[in-house]
Amino acid sequence: MQSSRVSSPAQALPGGAVVVTTIPARLDALLWSPFHTRVIAALGITWILDGLEVTLAGSLAGALKQSGTLQFSNLDIGFASSAYLAGAVLGALGFGWLTDRIGRRKLFFVTLTLYLLATAATALSWDLASYATFRFLTGAGIGGEYTAINSTIQELVPARYRGWTDLVVNGSFWIGAALGAAGAIVLLDPAVLDPEIGWRLAFLIGAVLGLIVFVMRFWIPESPRWLMVHGRPDEAERIVRDIERHARHAPERESELRSIRLRMRSHTPLREVARTLFVTYRPRALVGLALMSAQAFFYNAIFFTFALVLTDFFQVRPDHVGWYILPFSLGNFLGPLLLGRLFDTIGRRRMIAFTYSMSGVLLVISGYLFAIGVLSATTQTLLWMIVFFFASAAASAAYLTVSETFPLEVRALAIALFYAIGTAIGGVVGPVLLGALIDTGSRISVFAGYVFGSLLMIVAAVIAWQFGIDAERKPLESVARPLAVAE
């Protein structure tokens with residue numbers, strides 16, 4: 001088994017020192033092992049948390065409108081949803097910068113703690129301002145999680161499994177959505193609890209689940225790739241050797257363990273980050289921005305107003321909304337699970353273009369049927385299940401694309417930046433816009449919002465087909481060469 005060769009036996013090397021290592025190749029040569037399963041389980045739980053948060057907010061919309069304390073309007077609910085997304089945007093940017101600077105693992109605990117405190121505080125909200133503030137802080141914690149987790153997936157999972165793994169972890173959002181829906185069914189049932197108490201207890205589900213995640217985070221090591229660049233090659237070597245004790249190298253990869261020369265650095269200046277993202281990799285930046293913006297509007301506009309459509313147009317009782325979210329969540333999880341392997345075989349570019357365009361076309365069809373009034377709440381949900389079977393894989397692929405097509409040193413900040421821009425353009429505006437359209441009571445107006453979201457997805461599909469990267473089964477270092485490579 002090959003090991004790293006370092007220029008000094010010190011635990012940490014000074015900036016400018018050069019290390020020669022096979023660590024990236026060794027990580028990519030591994031077969032799937034219990035170590036990878038534990039890491040993915042610990043990371044996937046975070047997306048479950050996000051799904052839980054978003055679904056609770058959507059499922060509880062009716063209860064919040066009927067609350068004697070809050071008495072929200074549809075516009076208030078849209079505003080609070082946008083506050084959550086705005087927090088996620090700012091959290092992603094701030095914590096994304098820190099993730100590249102101080103490491104993936106440290107940020108896991110900071111962002112999770114913020115999430116735990118904020119989501120518990122949401123249960124104590126007394127008016128719109130307090131509710132929106134606590135949702136903003138909850139979003140900031142979740143936004144910070146996005147960057148560290150997607151970076152870690154890319155840097156710990158072998159190249160041959162990277163696409164499917166990333167999609168499934170991101171798709172696990174919908175397990176949380178199902179949990180949130182089930183929780184809302186019970187907690188909003190007047191026969192079980194006073195709805196005024198029930199919606200408050202619902203938010204505590206996330207805090208309890210977050211405590212479990214906090215313990216699971218101790219399973220995850222720091223990224224050896226990040227350690228190599230930041231002057232800690234001996235620590236990276238120890239982590240990789242420990243992983244190799246629990247995983248085997250693929251036989252055909254043993255002879256392919258190529259070394260790479262890296263020059264140590266303490267951090268990457270923001271000027272170099274900007275030049276890398278918007279000059280060196282400008283076409284990739286266009287793809288990332290298009291994919292993130294389209295899926296953010298598509299998802300957030302529709303899902304944050306899911307309960308409003310059911311209650312306002314189909315007269316579904318607020319405490320019954322969860323029954324419709326459960327099958328909807330199933331379709332969303334099955335999309336990445338069943339289509340994910342095709343991103344590693346058929347390829348990234350083809351599958352991204354296919355899933356984005358299918359999502360757009362199918363939403364136009366289902367939106368038209370909604371506009372002419374031929375659907376029931378059940379058939380509307382079934383159609384949305386089909387639409388989001390493809391859309392869920394597409395949205396997860398956006399995170400995959402951004403996190404694997406930029407260099408190691410700017411990976412987390414790239415995820416944060418494109419998530420932030422995409423969410424600001426599509427995600428924050430979407431819930432408010434659709435909330436306002438639903439308030440008109442006009443099916444045609446709502447359909448117009450759906451058509452706009454569909455067009456964004458189709459345009460993104462064209463951009464991905466034209467400028468996307470065929471990164472399937474390739475080492476990260478060949479998809480985007482580290483900035484620290486020493487010639």
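A residue counts as buried when its relative accessible area is under 20%, as exposed when that area is over 50%, and as partly exposed in between. R232, with a relative accessible area of 25%, is therefore partly exposed. The structure shown here is a predicted model, and the terms just given serve throughout the walk that follows.

Confidence comes before detail. The average pLDDT of the protein chain is 84, and 91% of the residues score at least 70. Over residues 1-11 the pLDDT is below 50, although this stretch has 34 contacts in the model beyond near neighbours in sequence. Where pLDDT is low, the predicted coordinates should not be read in detail. Among the elements of the chain, helix α3, residues 61-66, has the lowest mean pLDDT, 69, while α17 has the highest, 95.

Helix α17 spans residues 348-371, and together with α21, residues 443-467, it is one of the elements that give two or more residues to a nonpolar patch. That patch lies on the surface, covers about 320 Å² and is made by V361, I365, I458 and V462. V361 sits in helix α17. Its relative accessibility is 42%, so V361 counts as partly exposed.

The other contributor, α21, has 25 residues and reaches 36 Å from its first C-alpha to its last, close to the 36 Å expected at 1.5 Å a residue. Besides what it gives to the patch, α21 has buried residues: V446, F447, G449, Y450, G453, S454, M457, A460, A461, I463 and A464. What covers these buried residues? The cover includes α13, α14, α17, α18 and α20, the last of these being residues 429-439.

One residue of α13 shows such packing in detail. F298 is found in helix α13, residues 282-303, and counts as buried because its relative accessibility is 1%. Leaving aside residues up to four places away in sequence, F298 touches S359, L363, V387, F388, A391, G453, S454 and M457. Of these partners, G453, S454 and M457 are among the buried residues of α21. Distance in sequence and distance in space can also be set side by side for F298: A247 is 51 residues away in sequence, and the two C-alpha atoms are 40 Å apart.

Helix α18, residues 377-404, holds T381. T381 is at 3% relative accessibility and so counts as buried. Its contacts, again not counting residues up to four places away in sequence, are F306, L310, Y324, P327 and F328.

The loop between α14, residues 306-313, and α15, residues 321-339, contains Q315. Most residues other than glycine have a negative phi. Q315 is not a glycine, yet its phi is positive, near 55 degrees. Is Q315 buried or exposed? With 60% relative accessibility, Q315 counts as exposed. The loop between α14 and α15 also holds H320, which is partly exposed, with a relative accessible area of 32%. H320 and A182 are 138 residues apart in sequence, while their C-alpha atoms are 10.0 Å apart in space.

A positive phi in a residue other than glycine appears again at R473, where the value is about 60 degrees. R473 is in the loop between α21 and α22, residues 476-479. Its relative accessible area is 42%, so R473 is partly exposed.

The last topic is charge. Side chains of opposite charge can pair when their charged atoms come close. The structure holds 12 salt bridges. One of them joins the side chains of D28 and R225, at 3.1 Å from N to O. D28 lies in helix α1, residues 23-29, and R225 in helix α10, residues 224-229, so this pair ties together parts that are 197 residues apart in sequence. Both D28 and R225 are buried.

R232, the residue met at the start, forms a salt bridge with E235, and their closest N and O atoms are 2.9 Å apart. E235 is at 23% relative accessibility and so counts as partly exposed. D242 pairs with R245 in another salt bridge, with the closest N and O atoms 2.7 Å apart. D242 is partly exposed at a relative accessible area of 34%, whereas R245, at 61% relative accessibility, counts as exposed. In addition, R26, E237, R241 and E244 are joined into one network by salt bridges that share partners.

Methods: Residues numbered from 1 in each chain as written. Predicted model: local features only at pLDDT ≥ 70, side-chain atom pairs only at ≥ 80, totals over all residues. Heavy atoms only, no water. Patch = residues over 30% accessible without salt bridge, like charges linked within 9 Å, V, L, I, M, F, W, Y side chains within 5 Å. Areas by Shrake-Rupley, 256 points an atom, 1.4 Å probe, with all protein chains shown as cover. Salt bridge = Lys/Arg side-chain N within 4 Å of Asp/Glu carboxyl O. Helix = DSSP H or I, 4+ residues; strand = E, 2+ residues; numbered from the N terminus. Buried < 20%, exposed > 50% of the residue type's maximum accessible area, 1.4 Å probe, protein only. pLDDT = per-residue confidence, 0-100. Contact = heavy atoms within 4.5 Å. Expected span 1.5 Å × (residues − 1).
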